[in-house]
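Me: I would like a close look at one part of this model. Please keep it brisk, then set that part beside the rest.

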Amino acid sequence: MDQQALRALEACCVQEEPPFCSAACPLRVDVRAFMAALTKGDTRSARRVLDRHMPFPAIVGRLCEAPCQAACKRIEVDSTLAIGLLERYCVAATEQVLKPPKMPAKGGRVAVAGGGLFGMTAALDLARKGREVHLFTPAKELGGTLEEKFRSHLPDDAFIQAASTLSGYGAHLHFQVRLDADALKAFAQDYEALCLDGNEIDMAGLPFAASTPDPVTLAVNDVGCFGGGAPNGPDFQVIRQVADGRRAALSVERFLQKVSLTAEREREGSISTRLFTSIEQVQPQAAILPASGAEYNSTEARAEASRCIQCECLECVKQCAFLQEFKEYPKTLVRRVYNNLSIVQGTRSANTMINSCSLCSQCTIICPHDFPMAALCRDARERMVQTEHMPPSAHDFALEEMRFTLGDACSLARHQPGMDASRYLFFPGCQLAGSAPEQVSATYQFLMDQLQGGVGLLLSCCGIPAQWAGDEALFQETLASLQATLDAFGKPELICACTSCLALVRKHLPAYASTSLWEILAALEHLPPECRTPTQPLALHDPCGARDNAGLRASVRQLCGRLGVQLHDTTMPEELADCCGYGGLMQFANQPLGRKAATVKAGRSEYPALAYCAMCRDNVAGAGKASAHLLEYLFPGKAGDDPLERANPGFSLRHENRSRLKEQLMHSLWQETAGDAPAHSALRLIIAPDLTSLLESRHILHEDVQKVIFHAEQGGNYLLNPENGHRLAKYKPVRVTYWVEYEATDNGFIVHNSYSHRMVLPEALP
Amino acid sequence: MSTLSFTHPTSWRCAACNQDLQPQKVAVTYLHSVFHVELMACSQCGFVLVPEDLAIGKMLEVEQLLEDK
């Protein structure tokens, strides 16, 4: 990712765009912060906000026409906030809190002709910037020709205070000066820049060559003369005088610095904002009117300010456990990812964050600008793998499981028994084979009975774990092997039970026909004869893998309808579905977050869950929610158990189920025996249930335990505790060293504990 | 280089050598880093004990630190 790509991604996220009120305000007053402070009753902090952004708050705060109000988002719910009245309340209730600093004097003499709000603002901004400012007015005090209808709202000494503020910043004020042609000519000659306040000067009759003020720079000529402000009349607006004064001051500053007057001034004045704010959850709340008829009291002000909905986007964060966990929104997250990838030496503190995203793209669907979070995090992982900065522990376990599934123990590719060609190839996917092997067998039998032309079987892995892990080499290798199988089988139509397999195959092997099991089943005339209607209402939990496949989701709903399921949607249905924590290998790289994601998904409905993704089924069940897989109703198990009561089988059982499924199918369908099982698999383990969950959380498979004990017992290399007869042994099959504390009995090995580490001990070195 | 010690009396004995475990200096490695530590080990065959609290405590902590380097 280069700087340009970073900027483009950052721009995709609108969370930091100004709220609607501040965007409409030409002074960019932080109305949101102002309202937050007032809501807390913290009037001083509210005043600080005005002091920071607004020149002469005691005047402008009372007179501003509040163009922000028309932009207030609240108007879409009930009525706009009374921002203007609240500003009046605030400046009346407080004295100045914040005095913006004055920069060191840096030369540059500027004359401001005219003491209206335009001239006052220009003089103030320039004085604060350290310029030597001289303000001239024919009047006895500041304020120009401001009409009584405005003045009546101000304290008597408002303009005396303003003069004192200006003097405090070092501005020189010259009252009762005739601003005739000679004076203006002299200013133009004697000062490096000149600001003309149209409130006291006839801009049409200037004594030197000048055009009407340029709308962007307010320049009237190219030798440093700027003009703005307006005479009294129907078009006179206080906020316009002030905004123009600020604009003119910036132009003067740039003129004196000899830099471009026009560059990057698009965001000045009232602007539009790209911020998105949902008002879906905003409850109507009647506007508070001042009981006095004119001004708020403190209670009323607080109540009215509390109607502010604090506009922001955060639509993705509201739903995503990952973004909530890391307290980021996409714009800040992309910066952390970028910084993490840029580190040459030092701690890559965002590794875990990058590996924790489920890559499910829920945020992208929700985002008004389709922020591509999955691509960002996945590409970052690929980069980490390429540069050898991927923490090995993040994905090792999942990738070892993937290799196991691809290996001889589990993988199988056969034409339908008795046939030598396949029109279809049933691909249940690794997790369904692990979670519900009985349903895989039954589904395969049904497909063979129903479909003509031969249905082959492929027990394997599509490679998505490697893709999620950023291990592009392993992914390409797996994909090539899948492609070779499809070629060898004569390019049959691949029937995927897993939505993630299907999405991957369609994206990476687009030339090969593929479909979902659900669309195939929905198109058949009959449901399986043994199918069973669930006795209670269920909530359909769509998987993240089906996000881009409306047809697949419709087929599932059609099947549920025919099955007579009393079906409910979750609160995040269809393309909005959450990931269960398996996606992107989240639950491996960040186990606690994986559990949270599963709990969030489980909590999206009060009803028991019906899933059609094996990992959704298992993880939602693991989160304590009764959960069944649709295949368990279409092809109920022979034991007749309630599928809603089935626990999460966990890694170990899924691992064993996959190899057992291959063994059983080879035997029952093709009358073949699988290769010899490894010797360690014959060891009988006795594991207490609470230890089983500890092993799951430590990612230690029963097979790992078997390997440790087998090697220890074979070589006699273990430690012995004479006090209780327990043995303690270790074994390092690949990268992880596993330790098992166990006891040898006649019935098998009682496992008392197991743990692992990745650090390598001297005796384990090659 | 100073050697960190993680030794403490243990009931475990080496079954193969029928020996008590003794503090022993060993070099453990991870991701191109070598750490010289003192662990309990069989003085005869060198079987090194990594107790559970060390494996899931300090050792895990260091592994994670190194992984993020």
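Leaving aside its neighbours within four places in sequence, which residues is A:Asn340 in contact with?

Reply: A caution to begin with: this is a predicted model. Neighbours within four places in sequence aside, A:Asn340 is in contact with five residues: A:Arg348, A:Ser349, A:Ala350, A:Asn351 and A:Ile354. A:Asn340 itself sits in helix H16 of chain A, which covers residues 330–342. Is A:Asn340 buried or exposed? The relative accessible area of A:Asn340 is 3%, so this residue counts as buried, the cut-off being under 20%.

Another helix of chain A, H30, also has buried residues. H30 runs from residue 614 to 622 and is mostly covered, with eight of its nine residues buried. The buried stretch begins with A:Ala614, A:Met615 and A:Cys616. A:Arg617, A:Asp618 and A:Asn619 are on the list too. A:Val620 and A:Ala621 complete it. Just past H30(A) comes A:Gly624, with a positive phi of about 90°.

Now the partner, chain B. Its secondary structure amounts to two helices and four strands. Read from the N terminus, the order is β-β-β-β-α-α. The C-alpha trace of chain B spans about 40 × 25 × 20 Å along its principal axes. Chain B has 69 residues, and 39% of them are buried. Take the contacts in chain B with a separation of 6 or more: 43% of them join residues 24 or more positions apart. The exposed area of chain B is about 3,800 Å², with 53% supplied by carbon and sulfur atoms. Chain B carries 4 positive and 8 negative charges. The mean positions of these two sets lie 8 Å apart.

That leaves the interface. Interface size is often given as the accessible area lost when the parts come together. Here chain B and chain A bury about 2,800 Å² between them. Carbon and sulfur atoms account for 62% of that area. Three residues, B:Trp12, B:Phe47 and B:Asp68, supply 25% of what chain B buries against chain A, more than any other three residues. By contacts, 31 residues of chain B touch 34 residues of chain A. Two salt bridges are found across this interface. Between the side chains of B:Glu67 and A:Arg758 there is a salt bridge, at 3.8 Å from N to O. That distance is inside the cut-off, which is within 4 Å.

Conventions:
Residues numbered from 1 in each chain as written. Chains lettered and ligands numbered in written order. Predicted model: local features only at pLDDT ≥ 70, side-chain atom pairs only at ≥ 80, totals over all residues. Heavy atoms only, no water. Buried < 20%, exposed > 50% of the residue type's maximum accessible area, 1.4 Å probe, protein only. Contact = heavy atoms within 4.5 Å. Areas by Shrake-Rupley, 256 points an atom, 1.4 Å probe, with all protein chains shown as cover. Lys, Arg positive; Asp, Glu negative; His and termini not counted. Charge placed at Lys NZ, Arg CZ, Asp CG, Glu CD. Buried area = accessible area lost by both parts, 1.4 Å probe.
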